[in-house]
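Colleague: I have the model open. Can you walk me through what was computed from it?

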Amino acid sequence: MKRLSILFVLLIVLMGGSYYTLRLENMTDWLTITITLAMITVGPTLIYFLILRPRSMPKLWVYLSLLACLWAAYLIIPSSQRGYLNTMLFWLLPIIEISVILIVVYGIVKGVRGYRSIQSDEKHNFLEVVEIALEPKLGRGFVLHAVLTELSVIYYSIFIWFKKPSINSNGIFTYHKNSQIKSIVILCSILIFVEGVLFHFLLQMWSEIIAWIFTVLNVYGLLYIIGLYNSVKFLPHVIGENYLIIRLGYQSGIKVEINNIESIQTAKASSITDKVSKDTYYSLLKIDSPQYEIILKEPALMKSSYGKTTYVNSVVFRADNPKELMESIKNIQMSDSNNRVEEHL
């Protein structure tokens, strides 16, 4: 708290002094350049030494603090004196962006190498290892999960075509073979393509830039649904020694401890218009019919895209081989029950 107070006072003095000085008469060029450089460099330096370094926070915050100082400098410097700042931004921003990209790519490369060393464990997926590699650099906040979400879209929509899913090992249960997701992806892909072409030409009559922005967003939407379909094939449900992982591709997932399961019952049929309770994780498309609902003893954390999390009390899902999945869960529950009895004896 003391460091934060000191930082706040120093930043107020720096920015307030710069604002006052830049509005004095007879400002020389060298003084304008000096003040501009001070606002860009001194602020991030103070933030690093007073806040980030003592707490061992991810270095990405230095980049974010630099962007914040650049934005503050742009607001403080009068429009008539922004020539030097604009020149700095022209050269500085590309360097910063390239540096951040190189850091992320380097982390991904390290993740790939680490993935090869633990590839024998088929219950680990590629992006989980990339998350481990990027966490020290990006932290565990929104930035990390946003990067992982975008990497998921690219990886599962483009690069995954060269691999085959490993679905033959024990504890792996697919859920895409009897799902309507393939039909939905084909239909949505056609609609997105037709809509993209039509609206591109319509918007082009009004604004070329808006037309291309809309087209880029359409291409991203197409990649997203293709990636979702592929991720559904490559990210199946998993049963471990004492846990169950239920997923809906890279879009969402939950890890449930087997001993946290109160009961498993047949899920009620629902229509597309029915609302899903906020404390229920609905791990399937609304067009598909649910098979089972897991009632939990205590709430479990459900994770979705961009790091969004929610505690739920029940999980509704389906699987291509639901009977075998239910038998696996019951076997683990019986084994745990027998172990407890032996411990008491």
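Modeller: What follows is a run through the fold, the cysteines, the cavity and a few single residues. Keep in mind that this is a predicted model.

Colleague: Overall make-up first. How many helices and strands does the protein have?

Modeller: The secondary structure comes to 9 helices and 8 strands.

Colleague: And what share of the residues is buried?

Modeller: Of the 345 residues in the protein, 39% are buried.

Colleague: What about contacts along the chain, how many join residues at least 24 apart?

Modeller: Taking contacts between residues at least 6 apart in sequence, 67% join residues at least 24 apart.

Colleague: Cysteines next. How many disulfides turn up?

Modeller: The count is 0 disulfides for the whole structure.

Colleague: Is Cys69 buried or exposed?

Modeller: Cys69 counts as buried because its relative accessibility is 6%, and the cut-off for buried is under 20%.

Colleague: And Cys188, where does that fall?

Modeller: Cys188 has a relative accessible area of 28%, so it is partly exposed.

Colleague: Changing topic. How many cavities of 30 Å³ or more are there?

Modeller: The search of the whole structure finds 1 cavity of that size. The space in the largest cavity is about 60 Å³.

Colleague: Which residues line the largest cavity?

Modeller: The lining consists of Tyr175, Ser179, Ile181, Val232, Leu248, Ser283, Leu284, Leu285, Asp288 and Arg318. By type, that lining divides into 6 nonpolar, 2 polar and 2 charged residues.

Colleague: Which domains does the lining draw on?

Modeller: Domain 3 (172-234) and domain 4 (237-343) each supply at least three residues to the lining.

Colleague: Now some single residues. Where is Tyr250?

Modeller: Tyr250 is in the loop between β3 (243-248) and β4 (252-257).

Colleague: It's in a loop, then. Is Tyr250 buried or exposed?

Modeller: Tyr250 is buried, because its relative accessible area is 12%.

Colleague: What does Tyr250 touch?

Modeller: Leaving out residues up to four places away in sequence, Tyr250 touches Ser152, Val153, Tyr156, Leu223, Tyr224, Gly227, Leu228, Ser231, Leu235 and Ser305. Leu148 is 102 residues from Tyr250 along the chain, and their C-alpha atoms are separated by 9.7 Å.

Colleague: Which helix holds Ala146?

Modeller: Ala146 is in helix α6, residues 142-157. Ala146 counts as buried because its relative accessibility is 14%.

Colleague: How far is Ala146 from Lys308 in space?

Modeller: Ala146 and Lys308 are 10.0 Å apart, C-alpha to C-alpha, with their positions 162 residues apart in sequence.

Colleague: Back to loops. Where is Asn260, and what does it contact?

Modeller: Asn260 is in the loop between β4 and β5 (261-266). Outside its neighbours within four places in sequence, Asn260 is in contact with Ile295, Leu296, Lys297 and Glu298. Asn260 and Ile295 are 35 residues apart in sequence and 8.8 Å apart in space, C-alpha to C-alpha.

Colleague: Why is Asn260 called buried?

Modeller: Asn260 is called buried because its relative accessible area is 13%.

Colleague: What about the backbone of Tyr306, what is its phi?

Modeller: Tyr306 has a positive phi of about 60°, although Tyr306 is not a glycine. Most residues other than glycine have a negative phi. Tyr306 lies in the loop between β7 (292-304) and β8 (309-317). At 33% relative accessibility, that residue is partly exposed.

Colleague: Last one, Ile35. Which helix is it in, and what does it touch?

Modeller: Ile35 is in helix α2, which covers residues 29-55. Not counting residues up to four places away in sequence, Ile35 touches Ser18, Thr21, Leu22 and Met27. Ile35 and Tyr19 are 16 residues apart in sequence, and 9.5 Å apart in space from C-alpha to C-alpha.

Colleague: Is Ile35 buried or exposed?

Modeller: Ile35 counts as buried, because its relative accessibility is 11%.

Conventions. Residues are numbered from 1 along each chain as its sequence is written. This is a predicted model: local features need pLDDT of at least 70, side-chain atom pairs count only at pLDDT 80 or more; totals for chains, interfaces and linings use all residues. Side-chain values use heavy atoms; hydrogens and water are left out. A disulfide is a pair of cysteine sulfur atoms within 2.5 Å. Buried means under 20% relative accessible area, exposed over 50%, partly exposed in between (1.4 Å probe, protein chains only). On a 1 Å grid over the protein atoms alone, a cavity is a set of points where a 1.4 Å probe fits but cannot get out, and a pocket is an open set with protein on both sides within 12 Å along at least five of seven lines; lining residues have an atom within 4 Å of a point. Grid points are joined across faces, edges and corners, and a volume is the space filled by probe spheres set on the points. Ala, Val, Leu, Ile, Met, Phe, Trp, Tyr, Cys and Pro count as nonpolar, Asp, Glu, Lys and Arg as charged, and the others, Gly among them, as polar. Domain bounds come from an automatic or database domain assignment. Helices (H or I, at least four residues) and strands (E, at least two) are DSSP runs, numbered from the N terminus. Contact means heavy atoms within 4.5 Å.
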